[in-house]
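Let us walk through this structure step by step, beginning with how its strands are joined and then turning to the helices and the aromatic rings.

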Amino acid sequence: MFDVEKIRGEFPILGREVYGKPLVYLDSGATSQKPLAVIEMVDYLQRGLNANIHRGVHYLSEEATTLYEAARERIGAFIGAAEKEEVVFTAGATASLNTVAYAWGEKFVRAGDNILVSEMEHHSNIVPWQMLAERKGAEIRVLPFDDEGRLCTELLPSLLDDKTRIVAVTQASNTLGTRPDLRPVIDAAHAVGAIAVVDGCQGVVHGGVDVQALDCDFYAFSGHKLFGPTGIGVLYGKRALLEAMPPFLGGGDMVDTVTFAKTTYAPVPLKFEAGTANFTGAIALGEAVKFVGRFDPAEVEAHEAALLHRATERLTAVDGLRIYGTTPGKCAIVSFNVEGVHPYDMGMILDKLGIAVRTGQHCAEPTMTHFSTTGMCRASFALYNTLAEADALAGGVERAVRMLRG
């Protein structure tokens, strides 16, 4: 059975107090906490195995290289990649998406083309495409969502044409929790010859992914949301696409031969990993994936669904509270506002009660604009949260409302 208390024991930070209150950490959508296995791996790599990868024949370098490439293989298997060479290590999902926008976009997008982006995207899956469109003279088109948070996929035929080059969409909204059915989106993109780029930052944590079954062309996620360190991310790309793309950054370790006459590049994925890689982060992310792999995905899904149900049930009983994103099957993210209460004030009072939530625009300003608000409170749950913490959130909101409304 899923033993949440035993799991919590593997996360040292969950035992601390904030303002004299037990920490209730409900901001995993921004960054997850780290299990001991990941913390200890980082410590080991810094204390006992600090050596650059791919460059040395000495023992430390060879061991670090072996662990780095083993992490690539483990992560590739975790997301269902056909081969480990389709896994590129980056600084995070933002770096992954920018790599596609620059490397693929510079070569294949032309003036007069268009790029379709969903309305519910995080800024990291909007701004790189806007920058690409500005450089190339391309058009940005928007696939909207309705007031429940459902992506309006029935509008795809009116938005896609033979000039569409890229369709960028999230696997799970970081604000609404919506998990769109991506197959119609991806199939529609492929039908007009476009590539499908998926932001998997939340989706890889809540439900996971099989990139081959999904048939996306590129998939990006960050390690720090998947119980790994900050500063490390993954770009999955179909090998044929990676082969066709020029490198994004030039420097050490991404080359085959260098002369002043001509430079040739290393094979994928190394041609996209210029410079000294964050090998510590990559290896520790592999350890995080190993940690996640210990659990039955169905049990994790059921636990998170129970957390979402409890939080939603309790919060909807609060007078004047509105939850944004009510689609069936959403992941364990609850964004809300209370009439007459500023989200920052709500967040500050919850903080004093030891409850950590996110307040603001959540790097999703178009989503805020859709609902005519300048910000929201967001509680995002993970496998280490408990029903008691969902109750604490609701109790804290009720107390804050009483205080702020007088």
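Two strands are taken to pair if DSSP finds at least two bridges between them. In this model, which is predicted, strand 5 (residues 114-118) and strand 7 (residues 164-170) meet that condition, pairing in the parallel sense over four bridges, and V117 has A168 in strand 7 as its bridge partner.

These two strands can now be placed in their sheet. It is an open sheet of seven strands, arranged in the order 4-10-9-8-7-5-6 and with mixed pairing. Strand 4 and strand 6 (139-143) form the edges, and each has a single partner strand, so one side of each is left without a neighbour in the sheet. On average, and with direction ignored, neighbouring strands of this sheet are turned by 20° against each other.

Helices lie across this sheet. Helix 4 (residues 93-108) crosses strand 4, strand 7, strand 8 (195-199), strand 9 and strand 10, and runs at about 155° to strand 9. Helix 7 (residues 182-191) lies across strand 7 and strand 8, and its direction makes about 150° with strand 8.

Helix 3 deserves a longer look. Its 21 residues (residues 59-79) should span 30 Å at 1.5 Å a residue, and its end C-alpha atoms are 31 Å apart, which agrees. Which residues of helix 3 are buried? They are S61, A64, T65, Y68, E69, A71, R72, I75, G76 and I79. Seen down the axis of helix 3, these buried residues fall within an arc of 145°, so they line one face of the helix. The face turned away from that buried side carries the exposed residues Y59, T66 and A77. The cover over the buried residues of helix 3 includes strand 4 (87-90), helix 8 (211-214), strand 9 (218-222), strand 10 (233-237) and helix 10 (279-292). Just after helix 3, G80 takes a positive phi of about 80°.

A second open sheet is made of four strands in the order 13-14-17-16, and here the pairing is antiparallel. Strand 13 (321-324) and strand 16 (358-360) stand at its edges with a single partner strand each, so one side of each is left without a neighbour in the sheet. From one strand to the next, the twist averages 30°. Strand 13 and strand 14 (residues 333-338) run antiparallel and are joined by four bridges, with L321 standing opposite V338 in strand 14. Helix 11 (residues 297-315) packs on this sheet, where it touches strand 13 and strand 14, and its direction makes about 10° with that of strand 14.

Helix 14 also lies across strands of this sheet, namely strand 13, strand 14 and strand 17 (376-380), and runs at about 15° to strand 14. Its buried residues are E389, A390, L393, A394, G396, V397, A400 and V401. Seen down the axis of helix 14, they fall within an arc of 160°, so they line one face of the helix, while A388, R402 and M403 are exposed on the other side.

Finally, there are the aromatic rings, for which a search of the whole structure finds 13 pairs. Y102 and F248 form a stacked pair, at 5.1 Å centre to centre and with 20° between the planes. Y102 lies in helix 4 and F248 in the loop between helix 9 (239-244) and strand 11 (255-258), so the pair ties together parts that are 146 residues apart in sequence. Elsewhere, F2, F11, F227, F291, F295 and Y384 form one aromatic cluster.

Note on methods. Residues numbered from 1 in each chain as written. Predicted model: local features only at pLDDT ≥ 70, side-chain atom pairs only at ≥ 80, totals over all residues. Heavy atoms only, no water. Expected span 1.5 Å × (residues − 1). Buried < 20%, exposed > 50% of the residue type's maximum accessible area, 1.4 Å probe, protein only. Arc of directions from axis to C-beta. Contact = heavy atoms within 4.5 Å. Axes fitted to C-alpha atoms, helices over the stretch in contact; angles between N-to-C directions. Phe/Tyr/Trp six-rings, centres within 6.5 Å; stacked < 30°, edge-to-face > 60°.
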